[in-house]
Amino acid sequence: MSSRAKSSIAAFLAVVLGMTVLGAVVAGAAAALRPQTYTSTATLMVTPQRSLPSAEAQIVAQYILGNMPTYDNLATTSSVLRAADGHGVSADEISRNVAVEVPAGSTLLKLAYTDTDRERGTGIADDLAKGLQESIRTFSPNSNGSSQVDVALVQEAGTATTTNTPKISRWAALGGGAGLVVGLALAQAVTARRRARGPWAATPAEDGAASS
């Protein structure tokens, strides 16, 4: 193998290795700087009012099932967000960190709020759940001035709070993988460019030797 070929292989490997290490370091550092977060989840159940006659309750039950997919959007309306005032967090920030899951075919609502402060996050999640309860009742069919839909708090947020700690090793592995892909592409581009120049093209080192 010629010295030129060895030099090309060494340069190729150096680029790939360098980009892989760089990707791992950058991603690992980003994970280390990310704050620990807490996700508090409150669970609601939507059902027809118990006082409704059987036939009417069945109609309301069908109404509830048909409208369950829309309640995730209701959670970020101003009427619900106002229920979480007083925690020192803006409505815009709350709306970005709240998510509502509606399991298919069920009448359960899982409202999750993520915050860097555990107690604050739990308080906001519980307040949002109360606001969502009231909004669902308000915008549901009513009879004699009373909502035909009941919304029960099945689980408070404080009993379902999970800790989300950034996994530095995982981020580093993902960053290293991305760096490897970029490094391979870059090294192949450099190699292709060198081949396009032709075997007679001198390397920068050879140019320097010739000029001296």
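Is R120 buried, partly exposed or exposed? I looked this up first and found that R120 is partly exposed, at 28% relative accessibility. Here buried means under 20% relative accessible area, exposed means over 50%, and partly exposed lies in between (1.4 Å probe, protein chains only).

**Entry 1: the model**

I note that this is a predicted model, in which local features need pLDDT of at least 70 and side-chain atom pairs count only at pLDDT 80 or more, while totals for chains, interfaces and linings use all residues. Residues are numbered from 1 along each chain as its sequence is written, and side-chain values use heavy atoms, with hydrogens and water left out.

**Entry 2: the chain as a whole**

I recorded 8 helices and 7 strands in the chain. Helices (H or I, at least four residues) and strands (E, at least two) are DSSP runs, numbered from the N terminus. The chain has 212 residues, of which 30% are buried. I found an accessible surface of about 12,700 Å², with 57% of it belonging to carbon and sulfur atoms. Accessible areas come from the Shrake-Rupley method with a 1.4 Å probe, and for residues only the protein chains shown count as cover. I then turned to contacts (heavy atoms within 4.5 Å). Of those between residues at least 6 apart in sequence, 76% join residues at least 24 apart.

**Entry 3: salt bridges**

I counted 2 salt bridges, each being a side-chain nitrogen of Lys or Arg within 4 Å of a carboxyl oxygen of Asp or Glu. Side chains of opposite charge can pair when their charged atoms come close. R120 meets D115 in a salt bridge, at 2.6 Å from N to O. D115 counts as buried because its relative accessibility is 6%.

The other pair I looked up is D150 with R137, where the closest N and O atoms are 3.7 Å apart. This pair links distant parts of the chain, with D150 in strand β6 (residues 149-155) and R137 in helix α6 (residues 118-138), 13 residues apart. D150 is partly exposed at 24%, and R137 is partly exposed at 25%.

**Entry 4: strands and their partners**

Which strands pair with β1? I found that β1 runs antiparallel to β3, with 8 bridges, and antiparallel to β6, with 6 bridges. Two strands pair if DSSP finds at least two bridges between them. Y38 stands opposite D115 in β3, and V46 stands opposite V151 in β6. I also noted that 9 of the 12 residues of β1 are buried, and the strand is thus mostly covered.

Strand β2 (residues 98-101) pairs with strand β3 (residues 108-115) in the antiparallel sense over 4 bridges. V98 has Y113 in β3 as its bridge partner. Along β2 I saw the side chains alternate: V98 and V100 point to one face and are buried, while A99 and E101 point to the other and are not. The hairpin of β2 and β3 has 6 residues between the strands, and G105 there takes a positive phi near 80°.

**Entry 5: the nonpolar core**

In soluble globular proteins, nonpolar side chains tend to be buried together. I therefore looked for a nonpolar core, defined as a set of buried Ala, Val, Leu, Ile, Met, Phe, Trp, Tyr and Cys residues joined through side-chain atoms within 4.5 Å. The largest has 30 residues, and those with the most contacts inside it include V46, Y113 and I136. Among the elements that give two or more residues to this core are β1 (37-48), α2 (54-67) and β6. Helix α6 gives the most to this core, with 6 residues.

I136 touches V46, Y71, L74, L109, V149 and V151, not counting residues up to four places away in sequence. I also followed A125, which is in helix α6. A125 is buried because its relative accessible area is 0%. With the same residues left out of the count, A125 touches S40, A42, L111, Y113 and A157. The C-alpha atoms of A125 and T41 are separated by 6.7 Å, although the two are 84 residues apart along the chain.

**Entry 6: a surface patch**

Which residues form a nonpolar patch on the surface? I found L17, V21 and V25, with about 280 Å² of accessible area together. Patches are made of residues with over 30% relative accessible area and no salt bridge, with like charges joined within 9 Å and nonpolar side chains (Val, Leu, Ile, Met, Phe, Trp, Tyr) within 5 Å. V21 lies in helix α1 (residues 3-33) and is partly exposed, with a relative accessible area of 44%.
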